[in-house]
Amino acid sequence: MNPQGVNVICRKCKRSAPAEQFVMSLDDKIMVCPLCILDSRKSNSKMTNSSHKTTVVSPVKGTAVKKSADWDADDDYLERMNKQKLAVPKVEFIRIDAFNVKYTCPKCKYVFVYNEDKNHPKHCPFCTRLVSLKS
Ligand SMILES: [Zn+2]
Ligand SMILES: [Zn+2]
């Protein structure tokens, strides 16, 4: 007649256990005996362990990737600067007569008449770059 110490048949495993030891199972949504709780905990811990392994993320890589990205940007910038320096500007000129050419400055694109016979002007009037018909 005392409610405590009364054995109840577990609805899940059909074993009998003291009523006060029954616990609500989150998986089954019913009151189950302590043995069922132990069983579900064992299987749950196995599941979480295995799922942990698949979702392991290494936080170390983040900084390395960022650093290499910065390096790439620097390399790209330097490469472009080098190309600008090393690129031989193409000299454009149109011959007007035996001595004069219509010369386009390869640096500033200023167009002026250059006298090849007198070698005048020696420099671009706009940017003072040395005039040369050879590229
Ligand atoms: Zn049970
Ligand atoms: Zn010029």
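Among the elements of the chain, helix α2 (residues 61-86) has the lowest mean pLDDT, 64, and strand β7 has the highest, 97. The model is predicted, and the chain as a whole has a mean pLDDT of 80, with 71% of its residues at 70 or more.

**Overall layout**

The chain contains 2 helices and 7 strands. Read from the N terminus, the elements follow the order β-β-β-β-α-α-β-β-β. Of the 135 residues, 7% count as buried. Among contacts between residues at least 6 apart in sequence, 12% join residues that are at least 24 apart.

**The sheet**

An open sheet of 3 strands is present, with the order β5-β6-β7 and antiparallel pairing. Its edge strands are β5 and β7, each of which pairs on one side only. Neighbouring strands of the sheet are turned by 30° against each other on average, direction ignored. In general, strands of a sheet pair through backbone hydrogen bonds, in either a parallel or an antiparallel sense.

The pairing of β5 (residues 92-95) with β6 is antiparallel and runs over 4 bridges. These two strands form a hairpin with 4 residues between them. Within this pair, glutamate 92 has threonine 104 of β6 as its bridge partner, and phenylalanine 93 stands opposite tyrosine 103 in β6.

On the other pairing, β6 (residues 100-104) and β7 (residues 111-115) are joined in the antiparallel sense over 5 bridges. They too form a hairpin, here with 6 residues between the strands. Threonine 104, the partner of glutamate 92 in β5–β6 pairing, stands opposite valine 111 in β7.

**The nonpolar core**

Which residues make up the largest nonpolar core? The core has 5 residues: Tyr103, Cys105, Tyr114, Cys124 and Val131. Tyr103 is also the residue of β6 that phenylalanine 93 stands opposite. Not counting residues up to four places away in sequence, tyrosine 114 touches Val101, Tyr103, Pro121 and Val131. Of these contacts, Pro121 lies in the segment after β7.

**Backbone exceptions**

Most residues other than glycine have a negative phi, and most peptide bonds are trans. The following residues have a positive phi.

| Residue | Place | Phi |
|---|---|---|
| Lysine 29 | loop between β3 (23-24) and β4 (31-32) | about 60° |
| Lysine 109 | turn of the β6 and β7 hairpin | about 65° |
| Asparagine 119 | segment after β7 | about 55° |

Where the surroundings of lysine 29 are concerned, the residue is exposed, because 8 other C-beta atoms lie within 10 Å and a count of 12 or fewer qualifies as exposed. Asparagine 119 is exposed as well, with 10 other C-beta atoms within 10 Å.

The segment after β7 holds asparagine 119 and also proline 121. Which bond joins histidine 120 and proline 121? A cis peptide bond joins them, with omega of about -5°. Proline 121 is, in addition, one of the residues touched by tyrosine 114.

Note on methods. Residues numbered from 1 in each chain as written. Chains lettered and ligands numbered in written order. Predicted model: local features only at pLDDT ≥ 70, side-chain atom pairs only at ≥ 80, totals over all residues. Core = buried A, V, L, I, M, F, W, Y, C linked by C-beta atoms within 7 Å. Buried ≥ 20, exposed ≤ 12 C-beta atoms within 10 Å, placed from the backbone. Contact = placed C-beta atoms within 7 Å. Pairing = 2+ DSSP bridges. pLDDT = per-residue confidence, 0-100. Axes fitted to C-alpha atoms, helices over the stretch in contact; angles between N-to-C directions.
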